[in-house]
Structure formats: C-alpha cells, structure tokens
Amino acid sequence: MAGTEYPPIPRSTTITYALRAHATAAACIVLLLAYCSSATALKPISRPLISRPSSARRERVSLRTVLPPAAQFLAARRAERTSAEKLLVVPAERAEAATVGGTSGDDSLSTALGLSGAASAASLPQTAAANTAALTAIFTAAQLPIPANKPNACAWPGVTCAANGAVVELNLTSSVSRLLLPPTPRLCNRTARERGGKVPVTLSASIGQLTDLVDLRLSNLWLAGSVPRSLSRLTKLQFLDLQDNCFAGPLPVAFFRMPKLYSLSASRNFFSGGLPQRPAAYAAMVSLSDLDLGINFLSGPIPAALATLPTLRGLLLNTNRLSGRIPPALLKKELSGLVLDWNRLSDDLSGQQIKAFLIGLSRNRLSGNLNTIQFSESVSFIDFSENLFSGTFPQILCSNSGSLGSVDFSRNRLTGAVPANCFKPANRVLLALFLSRNNFSGSLQPFSSLPKSIAAVDLGFNKFTGRIPQGLTTLPQLFNLDLGANYLTGPIPHFCQGQQALVSLNLAFNALSGPPTPLSSPSCAPSLTALYLSSNRLSGAIPSTISSFKSLKWLLLDRNALAGAIPAGVSGMQQLKGLGVSYNGLSGPIPAAWPRTIGQVLLAGNRLSGAVPAALSKLKRASFKPGNPNLCGTPLPACK
C-alpha cells in the first residue's frame with residue numbers, strides 16, 4: 001500500500017499511528033461493502049465524486065490517512081455509478097445516448113434528458129462544426145492532444161454525443177496519478193511543464209457552448225485560474241467533477257445556478273473565501289444530492305442554509321478552514337454522509353441529535369459530553385477523533401445497533417472503565433474500534449466479547465491494567481491490535497487460535513513479562529508485518545524460529561531483559577527492514593548474513609562482540625554504542 005510504510009524505529013509518541021495502516025484499510029473496505037448493500041434503499045442514486053484514498057495534507061499514518069470518511073463515503077457512491085447512469089442520464093428503456101451514428105431519435109433523447117418537445121426545439125442547434133470548434137478550444141486550452149484524422153469531434157476520446165449530434169457527456173479526466181501531493185501553484189506549473197505544455201492550463205469559456213451537456217468530468221487536469229462564468233449556461237448538467245485541479249478564487253456563481261445538478265465535486269483545488277450564507281443563494285439547487293468541496297481553503301461559518309437543500313444526501317467540507325458552530329439543522333438532516341474533518345470548528349455538541357449515516361468530525365475543536373449526543377439508529381461510521389469530547393466510556397458502543405461498523409473516538413478526554421457486558425451479545429458487524437489516547441482504565445476483559453467481524457482495535461495510550469485477555473487472541477478477522485502504552489502485566493498470550501489475518505501487533509510500553517511468545521509460533525501469524533514489543537520486561541532468548549517470519553518488516557524488542565545471541569536465522573527474514581534489540585542482555589557475535597532489505601538495526605546497550613559484519617557497516621555508530629565494548633570494525637574502530 002503506497003504511502004503507508006511503518007516508520008523505521010517509531011518512538012513511543014508515534015507508535016500508535018504507525019500500526020493502523022494495514023488494518024484500517026481492510027476494515028474500511030468491508031465497511032464499504034456493508035454500506036453498498038444497504039444503499040439500494042436510499043434514493044436517488046448518484047455518481048461517485050472522488051477516488052483518492054487520503055488527504056495529502058495529513059502526515060501521520062492513521063484511520064484518516066488510510067481511508068478518510070470522505071473517501072469512504074464517496075467510494076461507496078462509486079459502486080452505484082452504473083445505476084446512476086441508467087436512472088439519471090439516459091435510461092436504456094427510454095433512449096440511447098451513443099456516439100454519432102446511434103439509432104435514437106431527437107424526441108427520445110429529449111424525453112431521456114427530461115426535456116419537453118418545445119424546450120428541445122427552442123434550444124440552440126449544435127452542429128458538428130460548432131461542436132468541433134468548441135471542443136477544439138477546450139482541448140487546446142487544457143493542452144490535451146486533438147485526435148488527427150477525426151474531423152467530427154463526437155469521435156474524440158472522452159466525448160459522447162447523442163444521435164442528433166448534441167454533446168451530452170465530456171470526460172477528460174486524466175489517468176496520470178497525482179501521487180497524493182497537495183496542490184500548490186509551483187506543483188501545478190511544474191507538472192504542466194513536465195507534461196510538455198505551457199502554463200497555465202485553463203478551462204476554455206467555450207465550455208458554455210455545449211449547452212446539452214449532462215455529464216462533465218474534468219478532474220486531475222491541473223486546470224488553473226478561475227472557472228469560466230459560461231459554465232452557468234449548462235442548465236441541463238447533472239454531474240460536474242472538477243476535483244484535483246488548480247482552480248483558485250471564490251466559489252464560482254455558476255455552481256449555484258444549475259437546477260438539474262445532482263452531483264458536484266470540486267475538492268482538492270484552491271477555492272477560498274466563504275460559502276454563501278443566504279438561503280436564496282441555494283434556491284436553484286433543487287436537485288443537488290452530493291456536494292464535495294473538501295480540501296480547499298474555504299473559511300468562515302458553515303451556512304445553515306445548506307440544510308434547506310431538499311435532496312441533499314452527502315456533504316463533504318473536510319480539510320478547509322471553516323470555523324464556528326455546526327448548524328443544528330444540518331446535524332438533524334438525514335444524510336448519507338456528513339464529513340467536516342480537519343477544520344476549525346468549535347461547538348459544544350452536548351444533547352445534539354445527529355442523523356447522518358456516516359459522520360466525520362475529526363481534528364476540530366468540538367466538545368461536549370459524548371454520551372448525551374443522540375446518534376441515528378442506522379449510523380455506521382463515526383469519527384470524532386482529535387477533539388475535546390468528555391464523558392465516560394461511549395454508550396453507543398454498548399448498544400445493540402447492528403449497523404455500527406467503524407468508530408474512532410481517539411485523542412479526546414474520555415475516562416472510566418469499560419462496562420462488563422458492553423459488547424454482549426456479539427452479534428454486530430463492528431469492524432474497526434479506535435479509542436487510543438484517552439484516559440480509559442480498568443481491565444481489558446470486556447473486549448473479549450468483541451464481535452468476530454472486528455478487524456482493527458487500537459486501545460493504546462490509556463490506563464488499562466491487568467492481563468491481556470485470551471479472547472483478544474481468538475478474533476479470526478483481526479488485522480491490527482494495538483495495546484501499546486498501557487499498564488498491562490503478565491505473559492503475552494499465544495496468538496494461535498485463528499489469528500491468520502494478523503498483520504500488526506503492538507504491545508510496547510507495558511509491563512509484560514515472560515518470553516516473546518509471538519515469535520515462537522510463526523505459523524500462527526503468517527502475515528505478520530510489524531511486531532512491537534519494546535519497553536516491557538520480557539526475558540529469555542530470541543527464538544530461533546524467527547527465520548520463519550517471511551513477511552515481517554519491523555521487529556522491535558528493545559529495552560527488555562532478553563539474553564543469548566541474535567539468531568543467525570535473521571538472514572531468512574526476507575522482507576525485514578528494521579530490527580531493534582538495543583538495551584537488552586544479548587551477547588555473542590552479530591550474524592554475518594542479513595537480508596538485503598535491512599535499513600535500520602539498533603544493537604546498542606548489549607554485550608555483543610566480534611567484528612561488525614559487512615552488511616551492517618554502513619550503519620551509524622549510534623546503532624552499536626553505547627555498550628558492546630568488544631565490538632569492532634566499521635563504523636567502529638578497526639579490529640586488532
């Protein structure tokens with residue numbers, strides 16, 4: 001998974017974020033499947049808005065960087081794309097929108113597009129020459145190649161015409177990946193040059209001449225400047241996708257003057273200023289269902305007028321500079337998705353009612369007693385992380401709701417113990433649970449009753465005490481388990497009871513004792529990629545079976561009481577990138593053979609002896625010192 005590698009040797013303050021990447025991806029994929037299976041009852045159906053997996057402005061590996069609420073909601077909408085085209089664009093049973101040469105007549109097309117015969121006759125005729133002239137201007141301004149030997153623009157890539165020659169769909173979305181880089185003027189200009197063109201790349205005002213357009217997709221083209229005013233002439237437009245460009249300035253007035261517009265995505269641009277506050281500004285948007293203006297530079301309050309949009313289902317304003325309160329009318333509106341993450345919102349939500357199916361409010365300044373907030377019975381995804389919410393253990397987790405799939409209450413001010421029967425009966429579909437960096441205390445025993453569907457559990461950086469319950473080792477779908485930085489004691493249980501899916505295990509910064517059990521049975525976790533056991537009280541030798549962990553990339557055993565030699569079998573760990581065994585009681589020579597993938601090895605604070613092997617000679621001196629007085633060779637003093 002690109003962009004989600006574990007840090008070489010994570011510190012205690014970042015270890016909880018490093019362990020979320022793989023697990024959350026799996027959990028959220030299953031969550032999307034659950035959403036799509038229930039979405040058929042939610043009408044109308046829309047076309048997807050975005051497909052990128054994360055916001056590039058976020059630097060840490062977490063639930064939000066792997067698959068943020070915006071991406072989850074819109075990925076679910078993508079699954080409905082075929083239905084959207086059939087129901088909203090040109091239904092097959094009513095008309096056929098095809099390239100030039102189709103068999104449908106003008107009257108059928110007008111019916112399919114919801115036009116009366118009089119309205120169709122009154123519209124300006126679009127001749128082949130007029131189409132070609134307009135599209136030539138659009139392709140030229142966007143620095144896209146114009147096909148040779150194709151004088152009729154209806155035959156150009158991305159252009160779909162009706163049987164009467166009217167252009168009804170224009171899809172020029174670039175397939176060139178942006179690699180999740182945040183948009184900046186320098187990056188926009190540089191990318192345009194690398195593509196062999198000149199800057200700036202713009203959207204031609206000729207777009208307004210294609211007045212029969214129903215579907216316009218221009219994402220990821222690095223279009224800069226402002227959106228032309230002529231866009232407001234596209235009164236038949238139903239789907240507009242301008243995401244992943246370099247548009248700047250205030251939001252175009254044209255966005256608010258399209259009565260048939262169903263889906264609008266303009267995320268990842270440079271739009272700035274405030275959203276219109278007056279209800280009259282939204283009066284024409286009678287068909288709008290999905291509005292995505294996330295990842296821009298919008299500021300000011302969220303308009304209460306958005307709640308007056310009669311058909312609004314999905315609202316995404318994440319990663320902007322919005323401030324103030326969240327309008328209560330918007331919280332009470334029945335939405336499929338309400339995503340306001342990464343803004344500057346400050347509001348006390350105590351006693352509020354939130355009816356959205358998917359809620360993303362992370363990284364704001366929101367507060368209130370979490371247990372007084374009323375959620376919808378059909379809520380499936382909640383992300384309230386990195387706010388100021390208070391109260392005891394969230395009661396919504398102890399409800400019998402069968403729809404709740406993923407919850408993130410991490411980095412708040414929640415306290416107290418987990419109710420003994422919180423997760424009983426375990427007949428729900430909970431997939432991901434993130435409660436790290438709060439002040440929860442008491443035993444982990446209630447988590448033994450987590451549903452078998454759970455894929456990711458992060459309870460790190462709390463005050464849990466006692467032993468790790470055996471029930472946490474019997475969850476067949478568990479992908480990631482993070483119990484780091486608590487006050488856990490006793491031996492590490494065997495993770496050999498159906499834990500074939502386990503990829504990340506973090507038990508660091510506790511007071512666990514006994515041998516490093518997870519390393520003794522490689523067949524129990526064949527997919528294990530990261531194992532963090534640092535800063536405990538583990539003893540005994542590092543098992544020789546370590547060589548059987550073919551998928552392990554990061555192994556941290558530092559600051560324990562391990563003894564004996566480093567197993568020579570480390571050479572068989574074909575994907576190992578980082579090994580930390582510093583500050584133990586290890587002795588003997590360092591194995592001569594190491595996997596080619598190795599990049600970080602921490603051996604300081606032991607009693608190792610002999611020559612540093614050539615495979616590790618490029619490491620810094622701090623990898624071996626202090627300690628190890630009998631080691632020699634590069635980068636240490638030469639052997640005598």
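Reader: What makes strand 32 and strand 34 a pair?

Author: In this predicted model, three bridges join strand 32 (residues 537-541) to strand 34 (residues 561-564). Two strands pair if DSSP finds at least two bridges between them, so strands 32 and 34, with three bridges, count as paired. The two run parallel. Within this pairing, G540 stands opposite L562 in strand 34.

Reader: Which sheet do strands 32 and 34 belong to, and what makes strand 17 and strand 39 its edge strands?

Author: Twelve strands form an open sheet with parallel pairing, in the order 17-20-22-24-26-28-30-32-34-36-38-39. Strand 17 (367-369) and strand 39 are the edge strands, as each pairs on one side only. From one strand to the next, the twist averages 20°.

Reader: Why is E386 called buried?

Author: Its relative accessibility is 10%. Buried means under 20%, so E386 counts as buried. E386 is found in the loop between strand 19 (381-383) and strand 20 (388-391).

Reader: What is there to note about the phi of E386 and of F461?

Author: E386 is not a glycine, yet has a positive phi of about 55°. F461, also not a glycine, has a positive phi of about 55°. Most residues other than glycine have a negative phi. F461 sits in the loop between strand 25 (456-458) and strand 26 (463-466).

Reader: Where are the cis peptide bonds at P626 and P635, and what is omega in each?

Author: One joins K625 and P626, with omega about 5°; another joins T634 and P635, with omega about 10°. Most peptide bonds are trans. P626 lies in the loop between strand 38 (607-611) and strand 39 (630-632), and P635 in the segment after strand 39.

Key:
Residues numbered from 1 in each chain as written. Predicted model: local features only at pLDDT ≥ 70, side-chain atom pairs only at ≥ 80, totals over all residues. Heavy atoms only, no water. Helix = DSSP H or I, 4+ residues; strand = E, 2+ residues; numbered from the N terminus. Buried < 20%, exposed > 50% of the residue type's maximum accessible area, 1.4 Å probe, protein only. Axes fitted to C-alpha atoms, helices over the stretch in contact; angles between N-to-C directions.
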